[in-house]
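Hi,

Here is the structure I said I would pass on. Have a look, and my notes follow underneath.

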Amino acid sequence: MPTKMPQVREYMTPTPHTIASETPLKEVQELMRQNRVRHLPVKKGEALVGIISDRSVKSALGSTGENVLTAEDIMIPDPFSVSPQTNLDEVVAAMAEEKYGCALIRDDDGKLVGIFTTVDACRALRQVLETFYPDRN
Amino acid sequence: METVNAEMTRRVVFVTEDDDLVQAYDSMRALEIQHVPVVREGKVVGILSDRDVLLHAHKRRGRIKVRTTKVREAMVTDVVLCSPTTSIGSAVDLMLERRIHCLPVIDKNQSLVGIITTTDLLRLLRDREWRVELPLPFQFEKPSFLMGLAA
């Protein structure tokens with residue numbers, strides 16, 4: 001039976017929440033809490049410019065002058081990105097090796113079309129386990 | 001189905017409640033780990049994540065300064081545990097349901113014997129020969145004149 005490796009687009013979260021680069025950190029924190037996410041891609045206008053994690057927000061909120069900090073101040077520029085057609089094993093390999101919390105999924109024009117996080121990876125693993133072990137208890 | 005025993009990390013770094021939070025965080029950074037079980041007399045009593053530590057820290061001149069306190073002030077005591085015989089599927093379910101990224105593994109004596117994290121699950125997903133079966137590009141159709149004959 002012919003087989004293929006799944007592509008990351010099958011397991012990504014499509015059209016993820018994003019934030020504007022000038023968003024104040026307190027607002028970033030609230031957006032993460034409301035949407036129950038730990039990563040937010042950062043946009044400047046229409047351009048994707050970085051990624052921000054809840055870890056960065058937590059550590060920055062305790063700093064002096066945190067009231068003036070914005071997403072752009074603490075984001076990671078040039079985040080790990082792949083195309084939707086990238087094989088799932090390549091994406092998770094990079095995430096495991098580099099301890100990335102997520103991968104941004106961008107189409108050929110560089111437009112953000114999805115995000116793949118460790119939670120999505122757990123869901124992917126769950127699905128393949130069900131495929132290979134359908135009678136598990 | 002494979003069990004946690006096959007994928008867990010056996011050499012587990014742990015801390016105690018009375019350890020200094022600064023030293024615990026420095027160790028976590030040095031070892032590049034994000035979660036560490038908190039143990040009392042061999043039994044897991046909490047979990048400390050770098051996220052928990054950051055709630056007790058601030059940034060000064062670009063560097064993270066952790067408050068001088070003990071691990072017990074920062075740890076989470078509501079810990080989800082599993083056993084070595086827990087299936088990987090159940091471990092994944094637990095992590096998804098409870099929105100957590102690690103599970104300390106305890107034996108029947110409640111002693112810490114390992115830890116399994118989302119990084120371990122990423123490696124499992126990477127290393128296995130997972131393949132999705134493709135449907136055949138054509139379908140067989142039995143001719144009507146053969147209907148009723150033994151296969």
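**Notes on chain B and its helix α6**

From the N terminus on, chain B runs α-α-β-β-α-β-β-α-α-β-β-α-β. That comes to 6 helices and 7 strands. Keep in mind that this is a predicted model.

Some overall figures for chain B before the details. Of its 151 residues, 42% count as buried. The chain exposes about 9100 Å², with carbon and sulfur atoms supplying 49% of that area. If you take the contacts in chain B between residues at least 6 apart in sequence, 57% of them join residues at least 24 apart.

I spent most of my time on α6(B). This helix is mostly covered, with 7 of its 10 residues buried. The buried ones are B:Thr118, B:Thr119, B:Asp120, B:Leu121, B:Leu122, B:Leu124 and B:Leu125. What do they pack against? On the chain A side there are α4 and α5, and within chain B there are α1 (4-7), α5 (88-98) and β6 (112-117).

First, the packing inside chain B. The axes of α5(B) and α6(B) are 12 Å apart and make an angle of about 130 degrees, which means α5(B) is oblique to α6(B). Their crossing is left-handed. B:Ile88, B:Val92 and B:Met95 of α5(B) meet B:Thr118, B:Leu121 and B:Leu124 of α6(B). By class, that contact has 5 nonpolar residues, 1 polar and no charged ones.

Now for the packing between chains. Helix α4 of chain A (residues 88-98) and α6 of chain B (residues 118-127) have axes that come within 8 Å and cross at roughly 145 degrees. This crossing is left-handed too. From α4(A), the contact uses A:Leu88, A:Asp89, A:Val92, A:Ala93, A:Met95, A:Ala96 and A:Glu97, while α6(B) brings B:Thr119, B:Leu122, B:Arg123, B:Leu125 and B:Arg126. The class count for α4(A) with α6(B) is 7 nonpolar, 1 polar and 4 charged residues.

One residue on the chain A side also caught my eye. A:Thr118 sits in helix α5 (residues 118-132) of chain A. Is A:Thr118 buried or exposed? It is buried, because its relative accessible area of 9% falls under the 20% cut-off. Leaving aside neighbours within four places in sequence, A:Thr118 touches A:Met95, A:Tyr100 and A:Gly101 in its own chain, and B:His101, B:Thr118 and B:Leu122 across in chain B.

Cheers

Methods:
Residues are numbered from 1 along each chain as its sequence is written. Chains are lettered from A and ligands numbered from 1 in the order in which they are written. This is a predicted model: local features need pLDDT of at least 70, side-chain atom pairs count only at pLDDT 80 or more; totals for chains, interfaces and linings use all residues. Side-chain values use heavy atoms; hydrogens and water are left out. Helices (H or I, at least four residues) and strands (E, at least two) are DSSP runs, numbered from the N terminus. Buried means under 20% relative accessible area, exposed over 50%, partly exposed in between (1.4 Å probe, protein chains only). Contact means heavy atoms within 4.5 Å. Accessible areas come from the Shrake-Rupley method with a 1.4 Å probe; for residues, only the protein chains shown count as cover. Axes are lines fitted to C-alpha atoms, for helices over the stretch in contact, and angles run from 0 to 180 degrees between N-to-C directions. A crossing is left-handed if the near helix is turned anticlockwise from the far one by less than a right angle, and right-handed if clockwise. Ala, Val, Leu, Ile, Met, Phe, Trp, Tyr, Cys and Pro count as nonpolar, Asp, Glu, Lys and Arg as charged, and the others, Gly among them, as polar. Angles under 35 degrees count as roughly parallel, over 145 as roughly antiparallel, 65 to 115 as roughly perpendicular and the rest as oblique.
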